Amino acid sequence: MAELTRERWTSRTTFLFAAIGSAIGLGNIWRFPYLAYDNGGGAFLVAWIIGLLALGIPWLLMEFGMGRMFQRGAPGVFASIGKKWEWLGWWAVFVAFLIVTYYTVIIAWSLRYAISSVTMAWGTGEEGAAGTADFFFGDILQLSGGPGELGGIVWLTLGMLALVWIVLFFIMYKGANVIGRVAVFVVTIPWIILVALLVRGLTLPGAVDGLNFYLSPDWSALLTGDIWFAALSQIAFTLSVGMAGMYAYGSFIAKKADVNNNAFITGFANNATSFFAGFAVFSTLGFLASALNVPVPEVAASGLGLAFITYPAGISMMPAGGAFIGVLFFLCLVFLGLGSAFFLAHGGVSAPLRDKFGGGLTKVTALVCLAAFLVGIVFTTQGGLYWLDMIDRAVAFYGLLITGALSCIVIGWFWKPKLLRDHVNETSDFKIGVWWEWIIKLVLPVGIIFVLIYGGFMVDIPEAYEGYQIGPLNGSHVVWIVLVVTLILSFVLGRLKTRKEGGE
Ligand code: PHE
């Protein structure tokens, strides 16, 4: 029986590290600090903590708890609630799959940067961000003119991508056991590196100015929709919920283990990492601004631009130790990325596939790695960045939020969340009350729908996403097509026979 042979975490600690490792990722470094700076500094922290407590942790608890209760990944959980909901789990699986196809490409770029840091291949000195932008778009990406122009494959990136998948395969093919052990490293190494980056940052001139920008509070921001959009969308993304994996990670928890506490610890550890990373990032941005003699807002950046353009510019101007700091910074990204990548590929994709279709761990893992690698090749082409951007919008924004809102609605209204509450409370020190059910039923769906409409549909429906144009289609069309196609495929998978129905 699946229950007896199911993968298990070897201890509570390994589970916690695996869960924290999946939550902390690139977003903690390149998304959170900028969002905080851009949305009222210290005031943002208030909205973000409220978001964590009111939405993030209850959501995480739901995914862990449902996984443990039904001993299945996302599709199995929804099939257990009612066969007609199974597709919803598969939709989240597609979200996870697509995310990991490009997340690993970003890890591949980071590896290339870790190597380039040794010689600071992007040049040194006064060129500042102009030189590093050329390096990123020209040397690393060899970027084409638009998404309609794929151009050739960038072989160095493809090679690194292959390496990333080989490493991931060896982490995953023995299941939760090895994953749990590796997870300890993908959490502790980035923490150690962040401390080193912070120490270096703080010892540079201008660091304090950077920190002032990061946290100086603008309380009036709390009255705007923007800050709540930023805080809630970041909470959903940063906890790695809504992408199937946390159900499976929850399903590997021993029957007796505490669920509630683990959800709280995972949420707080993740947010603490973001908060801390903000100091490392903004101290360096403060230094870069002072070295270039410009105000901090001129260098403040997020996303790929922060990691691959602005931060390298900062490194290149450091009086000493820049190369070393560069290697550390990019290795930090690599480790952060890996923890999220094996979470997505294993918990998000392989575990659900095995729940349904059976198949050996090694074989299924190899197939998932191969399939994701092949899809990922698109992102290693010269036009890959544009596609990465569109797919990211489709799945890591819409996909995760839509499946998240629907999951809460199905669990809250078409099933009995009280069953889950009783289930998790039975083995947890800290009991959750009926308030939690109302969060699932009402607060979460409303919060998520606000985010979807405010920062999503209201932006992407009137205008083409990023102004992209591919033949007759524009960027927003691509986003909708990805969503519709994955939804249809999810229905198909949901209707296929399970191994029990079909026999082994
Ligand atoms: N939570 C991770 C981060 O903040 C991102 C992530 C997204 C991880 C999607 C897995 C899946 O970077």
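**Close-up views of the ligand site, the largest pocket and two cavities**

**View 1. Helices around the ligand.** Helix α3 gives the most to the shell around the ligand, with three residues, where helices are DSSP runs of H or I with at least four residues, numbered from the N terminus. The model is predicted, so that local features need pLDDT of at least 70 and side-chain atom pairs count only at pLDDT 80 or more, whereas totals for chains, interfaces and linings use all residues. Residues are numbered from 1 along each chain as its sequence is written, and side-chain values use heavy atoms, with hydrogens and water left out. At least two residues of the shell come from each of α2 (12–23), α3 (26–30), α7 (86–119), α12 (225–238) and α17 (322–357). By class, the shell has seven nonpolar, seven polar and no charged residues; Ala, Val, Leu, Ile, Met, Phe, Trp, Tyr, Cys and Pro count as nonpolar, Asp, Glu, Lys and Arg as charged, and the others, Gly among them, as polar.

**View 2. Backbone atoms beside the ligand.** Around the ligand there are 14 residues, of which A23, L26, G27, S240 and M243 come nearest (a residue is near if one of its heavy atoms lies within 4 Å). A nitrogen atom of the ligand has a backbone N or O atom of A23 at 2.8 Å, and a backbone N or O atom of F237 lies 3.0 Å from a nitrogen atom of the ligand. A polar backbone atom of L26 is 3.0 Å from an oxygen atom of the ligand.

**View 3. The largest cavity, which holds the ligand.** The ligand sits in the largest cavity, meaning that more than half of its atoms lie within 2 Å of the grid points. On a 1 Å grid over the protein atoms alone, a cavity is a set of points where a 1.4 Å probe fits but cannot get out, and lining residues have an atom within 4 Å of a point. The volume of this cavity is about 120 Å³, taken as the space filled by probe spheres set on grid points joined across faces, edges and corners. Its lining comprises 15 residues, with S22, Y103, F237, S240 and S340 nearest its centre.

**View 4. The largest pocket.** A pocket is an open set of points with protein on both sides within 12 Å along at least five of seven lines, and the largest pocket has about 1200 Å³ of space. Of its 39 lining residues, R31, D389, D392, R393 and Y465 lie nearest the centre, and α19 gives the most to the lining, with nine residues.

Conventions:
A polar contact is a pair of N or O atoms within 3.5 Å; within protein, one must be able to donate a hydrogen and the other to accept it, and residues adjacent in sequence count only if both atoms are side-chain atoms.
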